[in-house]
Amino acid sequence: MKLSDFDFDLPEILIATRPANPRSSARLLVAEGAALHDRRVTDLTDWLRPGDRLVLNDTRVIPARLSGVRHRASAQGAVQAKIEVTLLEPRGDGTWSALIKPLRKLKIGEEVVFSDDLRATLEAVEDGQGHLRFNCAGDDFDAALNAAGAMPLPPYIAAKRAADAQDMTDYQTVFARHAGAVAAPTASLHFDEPLLEALAAKGVSFSHVTLHVGAGTFLPVKVDDISEHKMHAEWGRVSAKAAEEIAVTRAAGGRVIPVGTTALRLIETAAREGEITAWEGDTDIFITPGFKFNVTDGLMTNFHLPKSTLMMLVSALMGVQRVKDIYAHAIGEGYRFFSYGDSSLLLPEAQKPA
């Protein structure tokens, strides 16, 4: 298939820069079989049924954007330069891969000061990324980063406004546990405690998996033939407990519905052989039309960028033309798009009457 098959025109006014408040008041477009229904996220209790299982990504977003200063002695005296850093992922040698701007103003061995408690030294440059070694680790690093860093808002929000203190809450799920993501699993941002409690009371179960969303999720597809696209890799884990819960749900006739494309990619990675099992590692699974889903019965997800790998994923689940119809409806009805926008519940098959 061609990249143009996943393109559409989106009015810029529909790009959300702040989330709905409260979270669960966001709009929800339910696509069930051939039907479309305009609802709210709080109405999930009307569409999910006892025995269904939601799969939640419990990754925690780190405040990966840092602003610092590099000091250097020169013939003209002490000089300094502002350095912007976006952390990408920790490396096995204890350093962090990072995007550094401007990279040309930082030499190997030079230090960047971000705060009184947080500094980093550039140890290497590889593939346009810097390898930074920080002055602290463990809990001390987490505390210093939380104090000095800002949330890594997606480019389409950051271009409109800077991250602020409110984003430290807004860009984090209520069930975030394991730090390591540099982008939020945004479909999960719609859940709050009252909604989780209401779903549990309905008989819906939950399984937690972890996929640390990387900055690669925002990389554009640059090839016209999508089969030539190289997918970025992200670390994830499906525990034995989660795998068993999902298998038991399917065996009992319940639906397994991941919340977000990250959760879907992870459980399908863990089920590549047909049955889901415990799994841990880096996944670069690329889901496009024609993909065979082994454990996914539906998907809750936000509205995605044109020509993105995520548009290809939802098209694989629902069908290319069906997704075009869903998005045309969403645009016509003024749904809010992208990370802080509204959501959809995609159910390929209509619910059978009781």
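This is a short talk on the barrel, the two largest pockets and the one cavity in the structure above.

Hi everyone, and thanks for coming. Before anything else, please keep in mind that we are looking at a predicted model.

Let's start with the barrel. Six strands form a closed barrel in the order β5-β6-β7-β10-β9-β8, and their pairing is antiparallel. On average, each strand in this sheet is turned by 45° against its neighbour, if you ignore direction.

Now pick out two of those strands. β6 covers residues 77-90, β7 covers residues 96-101, and the two run antiparallel with six bridges joining them. If you'd like a spot to find on screen, look for P90, whose bridge partner in β7 is W96.

There is a helix to add to this picture. Helix α2, residues 138-148, lies across β5, β6, β7 and β10, and the angle it makes with β5 is about 95°.

Next, the open spaces. Rolling a probe the size of a water molecule over the atoms is a way to show where empty space is left. The largest pocket holds about 1,200 Å³ of space. Its lining takes in 46 residues, and those nearest the centre are T86, L88, E89, V182 and A215. Several barrel strands take part here: β5, β6 and β7 each give two or more residues to this lining, as do β4, α2, β11 and β13. Which element gives the most? That is β6, with six residues. By class, the lining of the largest pocket divides into 27 nonpolar, 11 polar and eight charged residues.

On to the second largest pocket, with a volume of about 640 Å³. There are 36 residues lining this one, and G216, T217, F218, T309 and L310 are the closest to its centre. Two or more residues come from each of α7, β16 and α8. The largest share is from α7, which gives three residues. As for class, this lining has 17 nonpolar, 14 polar and five charged residues.

Hold on to β16, as we'll meet that strand again in the last part of the talk.

So far we've talked about pockets; let's turn to closed spaces. How many cavities of 30 Å³ or more are there? The count comes to one. This cavity has a volume of about 50 Å³. Around it you'll find T301, N302, F303, V314, V323, I326, Y327, S344 and L346. The elements that supply two or more of these lining residues are β16 (299-302), α9 (320-332) and β17 (343-347). Here α9 gives the most, with three residues. Six of the lining residues are nonpolar and three are polar, while none is charged.

Let's finish with a look at β16 itself. In a regular strand, side chains alternate between the two faces of the sheet. In β16, L299 and T301 point one way, whereas M300 and N302 point the other way. Are these four buried or exposed? All of them are buried.

β16 also has a partner in β17: the two pair in the antiparallel sense over four bridges. Within that pairing, T301 stands opposite S344. You've heard both names already, since T301 and S344 are among the residues lining the cavity.

That's my tour. Thank you for listening, and do have a look around the model yourselves.

Notes. Residues are numbered from 1 along each chain as its sequence is written. This is a predicted model: local features need pLDDT of at least 70, side-chain atom pairs count only at pLDDT 80 or more; totals for chains, interfaces and linings use all residues. Side-chain values use heavy atoms; hydrogens and water are left out. On a 1 Å grid over the protein atoms alone, a cavity is a set of points where a 1.4 Å probe fits but cannot get out, and a pocket is an open set with protein on both sides within 12 Å along at least five of seven lines; lining residues have an atom within 4 Å of a point. Grid points are joined across faces, edges and corners, and a volume is the space filled by probe spheres set on the points. Ala, Val, Leu, Ile, Met, Phe, Trp, Tyr, Cys and Pro count as nonpolar, Asp, Glu, Lys and Arg as charged, and the others, Gly among them, as polar. Two strands pair if DSSP finds at least two bridges between them. Axes are lines fitted to C-alpha atoms, for helices over the stretch in contact, and angles run from 0 to 180 degrees between N-to-C directions. Contact means heavy atoms within 4.5 Å. Buried means under 20% relative accessible area, exposed over 50%, partly exposed in between (1.4 Å probe, protein chains only).
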